[in-house]
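Me: I have just opened this model and would like to go through it with you, one topic at a time. Please keep the answers plain, and explain any cut-off when it comes up.

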Amino acid sequence: MTLLDHPRTASTPDRAPASAAAPTGAYPSVPADVAAWVAEVAELTQPAEIHWCDGSTRERHDLLQLLVANGTIEQLNPELRPYSFIARSHESDVARLESRTFICSTDRDDAGPTNNWADPAAMRAELQGVFRGSMRGRTMYVMPFSMGPIGSPMAKVGVQVTDSPYVVVSNGTMTRMGTDALQAISAGADWVPAVHSVGAPLAAGEKDVPWPCNDTKYIVHFPETREIFSYGSAYGGNAILAKKAFALRIASVQARDEGWLAEHMLLIKVTAPTGKSYHLAAAFPSACGKTNLAMLAPSIPGWTVETIGDDIAWLRIGADGRLRAINPEAGFFGVAPGTSAATNPTAIDTLWGNTVFTNVATTEDGDVWWEGMTSTPPAKLTDWRGQPWTPDSGTKAAHPNSRFTVSARQCPSIASTWEDPEGVVIDAIIFGGRRATNVPLVVEARDWDHGVFLGATIASEQTAAAEGTVGELRRDPFAMLPFCGYNMGDYFAHWLDFGRRLRRSARVPRVFQVNWFRKGSDGSFLWPGFGDNARVLQWMIERLDGTACAEDSPLGSIPTADGLNLEGLEMSDEHLTELFAQDKAALRTEADDIEQFFDTFGDRMPAELRRQLELLRGRLAD
Ligand code: OXD
Ligand code: MN
């Protein structure tokens, strides 16, 4: 049996591991199926050595030193940024590659029109060739990891192998990685296998490059057998496979089959001046400010926001019938540009040290800088490519998708409940996108099904988080377009069905849609955003408590004229009107666009969402 010709069977306990793949020393005993799989991968990829990661601080330190020696990272000035590092990637390896991301379901329709489908058998054969010998001359690291607190009934485990020490360090921050996760596997947890190679084998004596990668890239998912293979890239979601590949693409399929939700959502705890707390989950496309909202410092007195997660949420109906959520990650892989003491002071405080930055610029005194960090850039920098840079260079000093990787534990606003194994109770769900026009600052859905319609119709202007033309408007339903591991028509049906199950339980959360990015007729943003977004959260919470009334509008319920707390904010009546304006003609055109989008799902499109579209059209009729 070869690795790629056959799917991994659920358990292969009687297959003995090849001795080369067995861990040595004090490493705990490895379940036979994990050892057998590692041996198979090693046989195919031919690494020079195998290292079983224990997840210890010592191991991380040694890897960081190795990365410094390899020239992949440089240590920043320890007096300014203790124990922190800058990595500069290869210029071609700077973002998620959606065009090279594949969902290989047996039936093409199970991947649906929003995914790149490839025939599983053909892809297995192709990958067999691609991975053959791909780790030659390198060490293969084996990383057992848990998504979610170890031992949580909502957590899931996986094992990723990689030939990139940079990816090990990243995964060590983003997941609970090491022997504790391996023990969860030994105790019988079903695990997801993930193979990653940078695709740059080294011949004997060949000198390595600082950022090994390959021009040919693959990020491949076999949803039916829950397997992940990634080749050629070491950047972010392409390589930290626990994140987008597992916690969203594979987990969304597991969630469909097991009756829960795996979502591209931040999680926050909001406490009102009354002392009462609420938990909100919010879905926004990549690089639309999820980390900023997750770490919000409210501009309104008496309100606090605490962070539970900034990118991914797993939601389930708990034993008490309430909707509960965990953040499966253990760190933040946040977009650096635009992060400043004004826009996200909590992130700035989080990044005081112990942080790996990738593709930001560096200052003469060995610290980091990116566009938006300060209003005036330093006179001299080294840019993300490692070249001298001045404000006259006419280029960005930091790559627009440059990132920081830091432990969630380091975040001053992290909620004490962020690792609650049972998850937190969700009171409301928010959907948002980056829209210059059409979409008001906030609307409340009429009910769950209308909320699903709002989620299914999110559109957003493309950002630098993935390849593509920045600024172009694209439908990004539930902010899951690049992350749903199956047919999105079925995914919408799953959400509708989930609501029906919630209705039978204690309480259905309320659903809202927001748009912080609306522009006025003069082309400037109408809403200040950032800390002032707390004003919108306040309205939502008053709606939950039944203390704020709302006005009906074609798109949903909106605040009454005096509904939003605007105290201390300079906002002209004209701007406020523009923020909520609903131009029926423009919205009718948008409804046509939604219909076209829905049509792409053919008979997989749930009738209820078509009905919601007709209801909207009815409300938009003159
Ligand atoms: C991310 C993304 O990195 O969504 O979180 O691209
Ligand atoms: Mn994301």
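**Salt bridges, a metal site and some loops**

Me: Let's start with Arg-88: buried or exposed?
Reply: Arg-88 is buried, at a relative accessible area of 15%. Buried stands for under 20% relative accessible area, exposed for over 50%, and partly exposed for what lies in between, with a 1.4 Å probe and protein chains only. The areas themselves come from the Shrake-Rupley method with that 1.4 Å probe, and for residues only the protein chains shown count as cover.

Me: Fine, and where does all this come from?
Reply: This is a predicted model, in which local features need pLDDT of at least 70 and side-chain atom pairs count only at pLDDT 80 or more, while totals for chains, interfaces and linings use all residues. Residues are numbered from 1 along each chain as its sequence is written, chains are lettered from A and ligands numbered from 1 in the order in which they are written, and side-chain values use heavy atoms, with hydrogens and water left out.

Me: Back to Arg-88, then. What does it form a salt bridge with?
Reply: The partner is Glu-74, and the closest N and O atoms are 3.5 Å apart; a salt bridge here is a side-chain nitrogen of Lys or Arg within 4 Å of a carboxyl oxygen of Asp or Glu. Arg-88 sits in the loop between β3 (85-87) and β4, whereas Glu-74 belongs to strand β2 (residues 73-75), so that the pair links distant parts of the chain, 14 residues apart. Helices (H or I, at least four residues) and strands (E, at least two) are DSSP runs, numbered from the N terminus. Glu-74 is partly exposed, with a relative accessible area of 45%.

Me: How many salt bridges are there by that rule?
Reply: The count comes to 36. One of them is between Arg-124 and Glu-227, at 2.6 Å from N to O. Because Arg-124 lies in helix α4 (residues 120-131) and Glu-227 in strand β11 (residues 227-231), that pair ties together parts that are 103 residues apart in sequence. Both Arg-124 and Glu-227 are buried.

Me: And which residue meets Glu-444?
Reply: Its side chain meets that of Arg-543 in a salt bridge of 2.5 Å, N to O. Glu-444 is in strand β27 (residues 442-444) and Arg-543 in helix α13 (residues 533-545), so this pair ties together parts that are 99 residues apart in sequence. Glu-444 is buried at a relative accessible area of 4%, and Arg-543 counts as buried at 16%. There is also a network, in which salt bridges that share partners join Lys-243, Lys-244, Lys-290, Asp-311 and Glu-329.

Me: Changing topic, what are the protein donors of the manganese ion (ligand 2)?
Reply: They are Lys-244 (NZ), His-264 (NE2) and Asp-311 (OD), lying 2.2 Å from the ion. In sequence these donor residues follow the spacing K-x19-H-x46-D. Lys-244 is in helix α8 (residues 242-258) and His-264 in the loop between β12 (261-263) and β13 (265-271), a pair that links distant parts of the chain, 20 residues apart. Donors are N, O and S atoms within 2.8 Å of the metal (3.2 Å for Na, K and Ca), and since water is not among the atoms, sites may look incomplete.

Me: Are those two donors, Lys-244 and His-264, buried or exposed?
Reply: Lys-244 counts as buried at 5% relative accessibility, and His-264 counts as buried at 1%.

Me: Now the backbone: what is odd about phi at Gln-46?
Reply: Gln-46 has a positive phi of about 60° although it is not a glycine. Gln-46 is placed in the loop between α1 (32-45) and β1 (49-52), and at 36% relative accessibility it counts as partly exposed. Ala-287, also a residue other than glycine, has a positive phi near 60°; Ala-287 lies in the loop between β14 (277-283) and α9 (290-294).

Me: Last one: how far apart are Ile-150 and Glu-419?
Reply: They are 269 residues apart in sequence and 9.4 Å apart in space, C-alpha to C-alpha. Ile-150 lies in the loop between β6 (139-147) and β7 (156-162), and is partly exposed, with a relative accessible area of 39%.
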